[in-house]
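Thank you for making time for this. I would like to go through a structure with you place by place, and I will ask a few questions on the way.

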Amino acid sequence: MAELLKGAPVARALTEELGARVAALLARGVTPGLAILRVGERPDDLSYERAALKRCEKVGIAARRVTLPADCTQAELERAIRDVNADPSVHGCLMFRPLPASLDERAACAALDVAKDVDGVTAGSLAGVFAGEPVGFPPCTAEAVLQLLRHHGVSLDGADVVVVGRSLVIGRPVSMLLQAANATVTMCHTHTRDLAAKCAAADVVVVAAGHAGTFGAQCARTGQVVVDVGINWDEVAQHLVGDVDFDAVEPIVGAITPVPGGVGSVTTACLAKHVVEAAERTVG
């Protein structure tokens with residue numbers, strides 16, 4: 001059986017480390033602050049919001065909601081963003097996406113102060129990730145992949161890694177983070193020729209295609225590490241599944257993340273980490 005790379009111990013370790021860093025900030029008169037900006041009441045946003053608030057409470061971050069109705073105007077949204085930018089007690093802002101179709105999401109992201117962008121939604125944050133500069137922060141899910149691999153002792157130095165998926169939320173930024181860790185990265189997607197062969201040749205595969213069953217037994221090999229970032233609802237089984245066919249792949253590979261209970265459970269810990277780092281930057 002493959003080793004299960006669970007997220008819970010990773011999140012616990014990060015939370016403990018962050019608690020000490022928050023205590024150091026409090027001693028200097030700084031309380032890390034997070035604003036959660038939500039438009040409407042999408043069930044997945046509300047679920048993540050609850051998890052984020054719970055994580056912040058454990059770490060010692062002062063978190064507050066900034067909520068707007070789904071039919072708010074662009075001007076109202078950007079006014080709320082400017083208020084967050086101007087509030088010195090807020091060190092980080094999590095803005096839920098996607099926004100309602102009536103709103104200009106690109107303009108909203110551009111309005112957010114890069115220094116307070118703790119989930120990699122601004123062009124400035126993404127530029128920092130691609131340039132390897134401490135500007136803004138990478139998307140939390142992308143960093144969660146790296147945190148999970150490091151915690152479980154998966155060596156990336158010199159490893160051949162395939163990333164399946166090319167979104168700006170996960171695929172492209174995680175490829176940059178992996179290269180910064182000295183991995184050799186091949187970017188693939190659902191239109192890649194011989195995708196199964198390319199995946200099977202890799203030491204580590206990060207699957208973030210957004211489609212259930214993208215990675216099956218034909219993509220796997222013995223000893224491989226598989227990180228499943230996908231979250232999909234299986235209507236037949238009536239439960240969450242990833243992008244990996246877990247039942248077919250798990251008997252073959254050396255290690256694999258479960259869904260749920262893998263990368264997703266580390267994401268809120270990475271969010272808290274970014275807020276604490278943003279607060280630390282304000283005090284040098």
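What follows is a short tour of selected residues and elements in this model, which is a predicted one.

Let me begin with an arginine, R38, which is found in strand β2, residues 33-39. Is R38 buried or exposed? With a relative accessibility of 6%, R38 counts as buried, because the limit for that class is under 20%. Once its neighbours within four places in sequence are left aside, R38 is in contact with D45, L46, E49, R65, V66, T67, L68 and F96. One of these, E49, is joined to R38 by a polar contact between the side chains, at 2.7 Å. As for a residue on another stretch of the chain, the C-alpha atoms of R38 and D160 are separated by 38 Å, with the two positions 122 residues apart along the chain.

F96, which I have just listed as a contact of R38, brings me to the aromatic residues. How many aromatic pairs does the count come to? The count comes to one aromatic pair. The rings in question are those of Y48 and F96, and since their centres are 6.0 Å apart and their planes stand at 80 degrees, the pair is edge-to-face. Y48 lies in helix α2, residues 43-59, whereas F96 lies in the loop between β4 (92-95) and α4, so the pair ties together parts that are 48 residues apart in sequence. Y48 and F96 are both buried.

We can stay in that loop for a moment, for P98 also has its place between β4 and α4. The peptide bond that leads from R97 to P98 is cis, and its omega is near 5 degrees. A cis peptide bond also joins V259 and P260, where omega is about 0 degrees, and P260 is found in the loop between β11 (255-256) and α10.

R97 comes up again when we turn to D117, an aspartate in the loop between α4 (105-111) and α5 (123-131). What is the nearest side chain of opposite charge to D117, and how far away is it? It is R97, at 7.5 Å, and D117, although buried, has no salt bridge. The reasoning is simple here, because a salt bridge requires the charged atoms to be within 4 Å, and the distance to R97 is 7.5 Å. What we do find is that the backbone nitrogen of D119 lies 3.3 Å from a polar atom of the D117 side chain. Not counting residues up to four places away in sequence, D117 touches C93, L112, T122, S125, G136 and F137.

Next comes a helix, α6, which runs over residues 140-151 and has 12 residues. From its first C-alpha to its last, α6 reaches 16 Å, which is close to the 16 Å expected at 1.5 Å a residue. How many of the residues of α6 are buried? Nine of the 12 are, and the helix is therefore mostly covered, given that buried means under 20% relative accessible area. The buried residues are C140, A142, E143, A144, V145, L146, Q147, L148 and L149. The elements that cover them include α1 (8-27), α7 (171-180), β7 (204-207), β8 (225-228) and α10 (264-282). After α6 comes G153, a residue whose phi is positive, near 75 degrees.

Positive phi values also occur at residues other than glycine, and I would point to two of them. N182, in the loop between α7 and β6 (184-188), has a positive phi of about 75 degrees although it is not a glycine, and at 46% relative accessibility N182 counts as partly exposed. D194, which is found in the loop between β6 and α8 (195-200), is likewise not a glycine and has a positive phi of about 50 degrees; at 59% relative accessibility, D194 counts as exposed.

I will finish with G210, whose place is in the loop between β7 and β8. G210 has a relative accessibility of 46% and so counts as partly exposed. Leaving aside its neighbours within four places in sequence, G210 is in contact with N232 and D243. Measuring from C-alpha to C-alpha in the model, G210 and V229 are 8.3 Å apart in space, and they are 19 residues apart in sequence.

Conventions. Residues numbered from 1 in each chain as written. Predicted model: local features only at pLDDT ≥ 70, side-chain atom pairs only at ≥ 80, totals over all residues. Heavy atoms only, no water. Helix = DSSP H or I, 4+ residues; strand = E, 2+ residues; numbered from the N terminus. Buried < 20%, exposed > 50% of the residue type's maximum accessible area, 1.4 Å probe, protein only. Lys, Arg positive; Asp, Glu negative; His and termini not counted. Polar contact = N/O pair within 3.5 Å; in protein donor to acceptor, adjacent residues only side chain to side chain. Contact = heavy atoms within 4.5 Å. Expected span 1.5 Å × (residues − 1). Phe/Tyr/Trp six-rings, centres within 6.5 Å; stacked < 30°, edge-to-face > 60°.
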